[in-house]
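Student: Please take a close look at one part of this model, the place where its strands pair, and then follow the chain outward from there. I should like a single connected account, with each term given its cut-offs.

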Amino acid sequence: RDHYLLGRTRGPLKAGLWQPYAKALFAVAAACRCPYFVVDHRQSSLDFTSMAIHDTPEDLGELDAPPNMAGAVVFARPTDLTRLLHYRLSHASPRLRVFHDLDEGRDWLLNIIQSERATKPAKIRSPNPRPGARPRPAAH
């Protein structure tokens, strides 16, 4: 309805396991032509070292992330690790942010989606959508 993907996780998020999840999310995003997502980790906890979080932005570049992606990553409560992740992601891309409130993250993402839709030129639909198609008869 709002034109973004929603992913949810449960349990501990381990440093070596988030990459396959992200790669699958990016594959779905590419297939759907939808570069926007909210990842709800409120029922998960980060089981990372600060060094693994430090490497996260570089890891994203190796996972075929959509170039125009925008994503809100939501955790239940602020911790030192989620604050560090927020810092690393927001410096890697202004279109990736960590939130601790689902509605706030969703609103931030919807603002991006709305502003990008407002700046795209409207598509003009042809009365003959297929090349070589016969013109449609006029309605009387």
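Tutor: Val74 stands opposite Phe99 in β4. The chain passes from β3 to β4 by way of helix α4 (residues 80-92), in a β-α-β crossover that is right-handed; the term means that, with the strands pointing away from the viewer, the path from the first strand over the helix to the second runs clockwise. β3 and β4 run parallel and are joined by four bridges, where two strands count as paired if DSSP finds at least two bridges between them. Helices (H or I, at least four residues) and strands (E, at least two) are DSSP runs, numbered from the N terminus.

This is a predicted model, in which local features need pLDDT of at least 70 and side-chain atom pairs count only at pLDDT 80 or more, while totals for chains, interfaces and linings use all residues. Residues are numbered from 1 along each chain as its sequence is written, and side-chain values use heavy atoms, with hydrogens and water left out.

Within β4, Val98 deserves attention. Val98 counts as buried because its relative accessible area is 7%; buried means under 20%, exposed over 50%, and partly exposed in between (1.4 Å probe, protein chains only). Beyond its neighbours within four places in sequence, Val98 is in contact (heavy atoms within 4.5 Å) with Val73, Phe75, Thr82, Leu85, His86 and Leu89. As for His86, the C-alpha atoms of Val98 and His86 lie 4.9 Å apart in space, although the two residues are twelve apart in sequence.

The pairing continues on to the other strands. β2 and β3 are also parallel, over five bridges, and Val38 has Ala72 in β3 as its bridge partner. Val38 is in turn the partner in β2 of Leu6. Nine bridges join β1 to β2, again in the parallel sense, and Arg8 stands opposite Asp40 in β2. Together, β1, α1 and β2 form a right-handed β-α-β unit.

Asp40, itself in β2, is classed as buried because its relative accessible area is 5%. Its side chain makes a polar contact of 2.8 Å with that of Arg42. A polar contact is a pair of N or O atoms within 3.5 Å; within protein, one must be able to donate a hydrogen and the other to accept it, and residues adjacent in sequence count only if both atoms are side-chain atoms. With neighbours within four places in sequence set aside, Asp40 is in contact with Leu6, Gly7, Arg8, Thr9, Val74 and Leu102, so Val74 appears here again.

Leu102 leads to helix α5 (residues 102-119), whose 18 residues reach 26 Å from first C-alpha to last, close to the 26 Å expected at 1.5 Å a residue; the expected span is 1.5 Å times one less than the number of residues. At the start of α5, a side-chain oxygen of Asp101 comes to within 3.1 Å of the backbone nitrogen of Asp103. The buried residues of α5 are Leu102, Gly105, Trp108, Leu109, Leu110, Ile112 and Ile113. An α-helix has 3.6 residues a turn, so residues three or four places apart point the same way. The cover over the buried residues of α5 includes β2 (36-47), β3 (70-74) and β4 (96-99).

Helix and strands also share the largest nonpolar core, a set of buried Ala, Val, Leu, Ile, Met, Phe, Trp, Tyr and Cys residues joined through side-chain atoms within 4.5 Å. This core has 35 residues, of which Tyr36, Phe37 and Leu109 touch the most other members. Two or more residues come from each of β1 (5-14), α1 (18-32), β2, α2 (50-54), β3, α4, β4 and α5, and α5 gives the most, with six. Phe37, apart from neighbours within four places in sequence, has contacts that include Leu5, Phe26, Ala72, Leu96 and Leu109.

Finally, the wider frame: the chain comes to five helices and four strands, in the order β-α-β-α-α-β-α-β-α along the sequence. Of its 140 residues, 36% are buried. Among contacts between residues at least 6 apart in sequence, 80% join residues at least 24 apart.
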